[in-house]
Amino acid sequence: MTDSSATVRPDRRAELAAGLARVRARIADACADAGRDRAEVTMIAVTKTYPAGDVLALAGLGVTDMGENRDQEAAGKAAEVAAAGVRPRWHFIGQLQRNKARSVVRYADVVHSVDSVRLARALGNAAADRDEPLAALVQVSIDADPARGGALPGSADPDVGLDPVAEAVAGAPGLRLAGLMAVAPLGWPPERAFGRLAELAEGFRAVHPGATALSAGMSGDLEIAIRYGATHVRVGSALLGMRPTLR
């Protein structure tokens, strides 16, 4: 973490409240423009590189969902927040190595980045003793570029093809297949990226009707993601400000 203290200065709390108000208004307007119910969209506050104090302040402002992308940072931060008596819903949104699965399942409620059969099995084994299954989203590669992560639509690859990964998640006793996640490819207009994702999600839900979550969109493109059906938007800088430099 960037700060071991869970204390938040009044000016920082006011800054977070202002950012939250702006983001909530953007989401509400985007839902109205898309003809969607505001309750259909969950905002995940991406708190990577920010201290536990910011998480506690956001929770005090009514934010229930927090996102992290590095286990080394997230595990300690989740523990510090829990020690303060607060238990948000933690979303692990970054690329995940199999050897971190056992750590992640101790604090995460949702993992957004399952992109291989091997990772699905590792998570399922690690989550087998949980009271409730771990919600898992399959990260899908919109442009089918294996270099950037994500399961590959239409691929027959038994480890990273979208269908085998989804089946592995659905069949793991410690997991619940919740839906899809994607990141817009570099150089793609958001409309093209999220339009393609909407097509993939439609086909995916035909096979897995209970997997309705669609995690897409960030600070700069959340309105477009909502237009194309996102149920979860991952918001960092628009909510918390510019990120501290990673050390």
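Of the 247 residues of the protein, 51% count as buried, a value computed, like those that follow, from a predicted model. The accessible surface of the protein amounts to about 11200 Å², and carbon and sulfur atoms supply 50% of that area.

The fold comprises nine helices and eight strands. Because its radius of gyration of 17 Å is close to the 18 Å that the globule rule gives for 247 residues, the protein is as compact as a globular protein of that length. The C-alpha trace extends over about 55 × 40 × 30 Å along the principal axes. When contacts between residues at least 6 apart in sequence are considered, 62% of them join residues at least 24 apart.

In the interior, the largest nonpolar core contains 72 residues, of which Ile27, Met43, Val111, Leu123 and Leu239 touch the most other members. With residues up to four places away in sequence left out of the count, Ile27 is in contact with Arg38, Val41 and Met43, and also with Leu222, Ile226 and Val233. Apart from the largest core lies another core, made up of six residues, among them Ala135, Leu137, Ala178 and Met181.

As regards charge, the protein carries 29 positive and 29 negative side chains, and a distance of 4 Å separates the centres of the two sets.

Terms used: Residues are numbered from 1 along each chain as its sequence is written. This is a predicted model: local features need pLDDT of at least 70, side-chain atom pairs count only at pLDDT 80 or more; totals for chains, interfaces and linings use all residues. Side-chain values use heavy atoms; hydrogens and water are left out. Helices (H or I, at least four residues) and strands (E, at least two) are DSSP runs, numbered from the N terminus. The radius of gyration is taken over C-alpha atoms; the globule rule is 2.2 Å times the number of residues to the power 0.38. Buried means under 20% relative accessible area, exposed over 50%, partly exposed in between (1.4 Å probe, protein chains only). Contact means heavy atoms within 4.5 Å. Accessible areas come from the Shrake-Rupley method with a 1.4 Å probe; for residues, only the protein chains shown count as cover. Lys and Arg count as positive and Asp and Glu as negative; His and the chain ends are not counted. The place of a charge is taken as NZ of Lys, CZ of Arg, CG of Asp or CD of Glu. A nonpolar core is a set of buried Ala, Val, Leu, Ile, Met, Phe, Trp, Tyr and Cys residues joined through side-chain atoms within 4.5 Å.
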